[in-house]
Amino acid sequence: MNKATKLLYTIQIADNALIIGHRISEWCGHGPILEQDIAATNIALDHLGQARSLYQYAAEIFNTLPAEEKKQMFSSTALQAKVAANENIDEDDLAYLRDGWDFHNVLLLEQTNKDWAYTIARSFFYDAFNYFFYSALLNSADTTLAAIAEKSLKEVTYHLRWSSEWLIRLGDGTEESHQRIQNAVNDLWMYTGEMTTANETDKAAFASGTGADLAAIKTAWKEKVSAVINEATLTMPKDAWMQQGGKDGLHTEHLGYILAELQFMQRAYPNMEW
Amino acid sequence: MQTTNKNEWPLWEVFIRSKAGLDHKHAGSIHAADAQMAIENARDVYTRRMEGVSIWVVESKYIHASEPDQSEALFEPANDKIYRHPTFYDLPDELKHM
């Protein structure tokens with residue numbers, strides 16, 4: 001697999017971690033109870049930590065690309081200014097200086113928190129995917145990605161336990177909690193297919209032994225999700241049209257708002273530190 | 001904010017063992033709907049800085065405490081019973097960890 005493709009593959013994983021981490025961090029100070037406020041914030045920080053490791057690796061790959069390829073990789077002027085000045089980039093540049101079309105996270109993760117049920121359903125769908133994804137990545141031919149997967153998998157195992165527990169509690173709870181989590185599951189369902197649908201980057205990564213086999217994950221994911229949904233006394237949504245595009249930079253309207261908040265300081269006051 | 005208590009989750013006392021071989025020590029309390037949630041909440045609130053390797057939780061209502069106004073009768077009689085400390089024995093030199 002060429003370096004540019006490996007970079008994109010790493011960026012896909014990193015952007016997933018950053019965007020879900022940011023969304024969950026929006027609960028900080030607003031959690032339904034103090035204990036869950038802390039739990040959500042812990043989990044957000046886990047995702048952010050994973051994003052950091054992956055962005056560091058991505059920056060490392062980017063800095064070794066030939067100048068011509070660097071120019072084609074990310075199109076934001078802020079990032080290309082660094083390339084033109086022949087400067088190396090780092091993890092922060094990747095998080096703060098790319099524009100929306102250069103983000104490769106799946107659409108599911110940029111969807112708004114809306115309420116606790118939507119937040120739980122979104123996390124549950126992703127955590128179930130992430131668990132199988134990182135498990136597969138343990139065997140990656142790329143030793144850095146395999147090492148990041150090994151470290152992350154312990155965290156992800158807990159995330160999945162946490163979101164599964166909550167899905168079951170809400171589903172098997174009161175009439176209102178049942179209805180709300182069922183609505184969230186139904187509404188978010190159309191964003192779940194993208195995670196296990198391979199784009200060109202996924203295909204090249206899998207073929208080279210670096211990436212995970214998304215077809216195998218799809219089966220495992222569906223089995224896990226339907227088992228938990230059954231336990232939660234909820235109804236599994238029917239197979240339907242699945243939205244996609246996030247992995248190739250085509251996003252819903254929500255991503256721009258996340259980036260506006262996330263990137264404002266670095267864009268307005270370049271290189272500021274505090 | 002809800003002002004009534006009837007919809008609140010019960011309170012649980014949390015005990016954390018900081019490393020294998022040591023006792024579980026009282027760490028504080030948390031709210032949770034049941035034992036499993038209590039353990040998970042305790043994990044998130046009390047072990048995020050590597051404080052523990054094991055957690056016990058018990059619903060606070062099951063903790064029975066001594067009466068503070070009986071503390072004279074309960075505890076003060078021990079004050080002048082220094083012979084209950086094993087300080088009047090000559091320990092053999094080989095005994096290192098007493």
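Which side chain does D142(A) meet in a salt bridge? The partner is K6(A), with an N to O distance of 2.7 Å. Keep in mind that this is a predicted model, and let's use that pair as a way into chain A before turning to where chain B comes in.

The two ends of this salt bridge sit in distant parts of the chain, 136 residues apart. K6(A) belongs to helix α1, which covers residues 3-25, while D142(A) is in the loop between α7 (116-137) and α8 (143-171). Is D142(A) buried or exposed? With a relative accessible area of 4%, D142(A) is buried, because the cut-off for that label is under 20%.

Helix α1 has another salt bridge worth a look. D15(A) and R98(A) pair through their side chains, again at 2.7 Å from N to O. D15(A) lies in helix α1 and R98(A) in the loop between α5 (91-96) and α6 (107-110), so this pair ties together parts that are 83 residues apart in sequence. Both partners are out of reach of the probe: D15(A) is buried at a relative accessible area of 0%, and R98(A) is buried at 0% as well.

Stay in that loop between α5 and α6, and you'll find D99(A), which forms a salt bridge with R267(A) at 3.0 Å, N to O. R267(A) comes from helix α12 (residues 254-268), so here the parts tied together are 168 residues apart in sequence. R267(A) counts as partly exposed, at 32% relative accessibility. There is also a network in which D115(A), E176(A) and R180(A) are joined by salt bridges that share partners. Over all chains, the structure holds 18 salt bridges. As a general point, side chains of opposite charge can pair when their charged atoms come close.

Now zoom out to the whole of chain A. Its secondary structure comes to twelve helices and zero strands, so reading along the sequence you get α after α, twelve in a row. The radius of gyration is 18 Å, close to the 19 Å that the globule rule gives for 274 residues, so chain A is as compact as a globular protein of that length. Along its principal axes, the C-alpha trace spans about 60 × 40 × 35 Å. Buried residues make up 55% of the 274 residues. Of the contacts between residues at least 6 apart in sequence, 80% join residues at least 24 apart.

Two buried spots show how this looks at the level of single residues. Take A205(A), in helix α10 (residues 200-207). A205(A) is buried, with a relative accessible area of 0%. Leaving aside residues up to four places away in sequence, A205(A) touches M1(A), Y9(A), T210(A) and G211(A). If you want a ruler across the chain, the C-alpha atoms of A205(A) and L45(A) are separated by 27 Å, with their positions 160 residues apart along the chain.

The other spot is T192(A), in the loop between α9 (175-188) and α10. T192(A) counts as buried at 2% relative accessibility. What does the side chain of T192(A) reach at 2.6 Å? That would be the backbone oxygen of W189(A). Beyond residues up to four places away in sequence, T192(A) touches F125(A), W221(A) and M242(A).

That leaves the meeting of the two chains. The size of an interface is often given as the accessible area lost when the parts come together. Chain B and chain A bury about 1300 Å² between them, and 49% of that is on carbon and sulfur atoms. On the chain B side, E40(B), R43(B) and D44(B) supply 38% of the area that chain B buries against chain A, more than any other three residues. The contact takes 13 residues from chain B and eleven residues from chain A.

How many salt bridges are there between chain B and chain A? The count is two. R169(A) and D34(B) meet in a salt bridge, at 2.8 Å from N to O. There are also eight residue pairs in polar contact across the interface. On chain B, the elements giving two or more residues to the touching side are β2 (24-31) and α1 (35-46). Helix α1(B) gives the largest share, seven residues. By type, the residues on that side of chain B divide into five nonpolar, three polar and five charged.

Methods: Residues numbered from 1 in each chain as written. Chains lettered and ligands numbered in written order. Predicted model: local features only at pLDDT ≥ 70, side-chain atom pairs only at ≥ 80, totals over all residues. Heavy atoms only, no water. Contact = heavy atoms within 4.5 Å. Buried area = accessible area lost by both parts, 1.4 Å probe. Salt bridge = Lys/Arg side-chain N within 4 Å of Asp/Glu carboxyl O. Polar contact = N/O pair within 3.5 Å; in protein donor to acceptor, adjacent residues only side chain to side chain. Helix = DSSP H or I, 4+ residues; strand = E, 2+ residues; numbered from the N terminus. Nonpolar A, V, L, I, M, F, W, Y, C, P; charged D, E, K, R; others polar. Rg over C-alpha atoms; globule rule 2.2 N^0.38 Å. Buried < 20%, exposed > 50% of the residue type's maximum accessible area, 1.4 Å probe, protein only.
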